[in-house]
Amino acid sequence: KMKLQYLGHSAFLFSDSQNRTILIDPFLTGNPLSPVKASQVKADYIILTHAHSDHIGDALTIADKRKTTIICVVELASIISKNGYNTHPLQIGGAFQFPFGKVKMVTAFHGSATSNGLYAGLAAGVVFKLDHKTIYHCGDTGIFGDMKLIGEIDKIDVLLIPIGGNYTMDIDDAVRAVSLIQPELAIPMHYNTFDLIRANPQEFVDKITANGFAGKVLKPGEELQFS
Ligand code: NI
Ligand code: MN
């Protein structure tokens with residue numbers, strides 16, 4: 001059964017029924033709300049939505065150069081693979097069938113450069129399957145109308161959506177995005193890590209509940225198991 005653990009900010013650790021682990025945007029060191037240290041986390045696959053330091057985070061520390069595959073857009077993959085890491089490049093709209101399930105990169109309206117200023121291609125969201133569940137991690141993005149299309153192409157079971165504003169959607173835009181995507185469950189992310197992204201996640205959940213959708217606020221470290 002698929003399990004997810006919220007690691008704060010936009011970081012999530014997933015595991016499937018065969019104990020494969022998939023880590024997304026592991027910003028742990030330097031995140032005051034991180035529930036774990038980078039040295040405590042292992043991953044078979046790491047998915048990066050873009051190159052900003054609050055998303056790449058500890059990816060290169062956690063990645064095992066022999067065992068871990070880092071999945072990201074091709075420009076970021078070519079930067080990372082120069083250092084001997086195992087990468088799988090995708091591009092927006094492209095998908096690949098990994099042993100655990102299919103991963104598709106989708107649009108995110110955002111930028112992407114590494115902390116030392118290298119252009120890292122387009123920022124992305126990611127839609128992937130794990131144990132028959134479909135997860136959509138939006139990455140960092142503003143709202144856009146094609147979120148409706150993304151929700152039509154794949155019925156989204158779990159939506160991980162930024163609500164903190166300033167760099168991404170705020171609560172009201174995220175509430176509207178949920179109505180476009182129509183997920184089974186929406187989990188807010190990318191809030192309260194820094195002063196610029198203060199938001200009350202319960203307000204987001206209350207507003208989508210009023211629209212007939214389900215949401216859940218996860219505390220950093222909290223796990224959710226799916227049947
Ligand atoms: Ni960003
Ligand atoms: Mn960010």
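**Entry 1: K129 and its partner**

I started with K129, which comes out as partly exposed at 32% relative accessibility. This is a predicted model, so I am reading coordinates from a prediction throughout. Next I looked for what K129 touches: its side chain meets that of D154 in a salt bridge, 3.1 Å from N to O. K129 sits in strand β9 (residues 124–130) and D154 in the loop between α4 (147–153) and β11 (158–162), so this pair ties together parts 25 residues apart in sequence. I checked D154 for cover too, and it is buried, at a relative accessible area of 16%.

**Entry 2: other salt bridges**

I pulled the total for the structure, and it is 8 salt bridges. One of them joins K207 to D172, with the closest N and O atoms 2.8 Å apart. I noted that this pair links distant parts of the chain, as K207 is in helix α6 and D172 is in helix α5 (residues 171–181), 35 residues apart. K207 is partly exposed at 30%, and D172 is also partly exposed, at 47%. E203 belongs here as well: salt bridges with shared partners join D172, E203 and K207 into one network.

I then looked up R20, which forms a salt bridge with D16, again with 2.8 Å between the closest N and O atoms. Here both R20 and D16 are buried.

**Entry 3: the metal site**

Which residues coordinate the manganese ion (ligand 2)? I found D54 (OD), H55 (NE2), D140 (OD) and H190 (NE2), at 2.1 to 2.3 Å. Along the sequence I wrote the donor spacing down as D-H-x84-D-x49-H. The nickel ion (ligand 1) is 3.2 Å from the manganese ion (ligand 2), and D140 coordinates both. D54 and H190 link distant parts of the chain: D54 is in helix α1 (residues 53–56), H190 is in the loop between β12 (185–189) and α6 (201–210), and they are 136 residues apart. I looked up cover for these two: D54 counts as buried at 12%, and H190 is buried at 1%.

**Entry 4: strand β5 and its neighbours**

Last, I went to strand β5 (residues 69–73), which is mostly covered, with 5 of its 5 residues buried. Strand β4 (residues 45–47) pairs with β5 in the parallel sense over 3 bridges, and I found Y45 opposite T69 of β5. Strand β6 (residues 86–90) also pairs with β5 in the parallel sense, over 5 bridges. There I70 has T87 of β6 as its bridge partner. I followed the chain from β5 through helix α3 (residues 74–81) to β6 and noted a right-handed β-α-β crossover.

Technical notes
Residues numbered from 1 in each chain as written. Chains lettered and ligands numbered in written order. Predicted model: local features only at pLDDT ≥ 70, side-chain atom pairs only at ≥ 80, totals over all residues. Heavy atoms only, no water. Buried < 20%, exposed > 50% of the residue type's maximum accessible area, 1.4 Å probe, protein only. Helix = DSSP H or I, 4+ residues; strand = E, 2+ residues; numbered from the N terminus. Pairing = 2+ DSSP bridges. Right-handed = clockwise from strand over helix to strand, strands pointing away. Donors = N, O, S within 2.8 Å, 3.2 Å for Na, K, Ca; no water. Salt bridge = Lys/Arg side-chain N within 4 Å of Asp/Glu carboxyl O.
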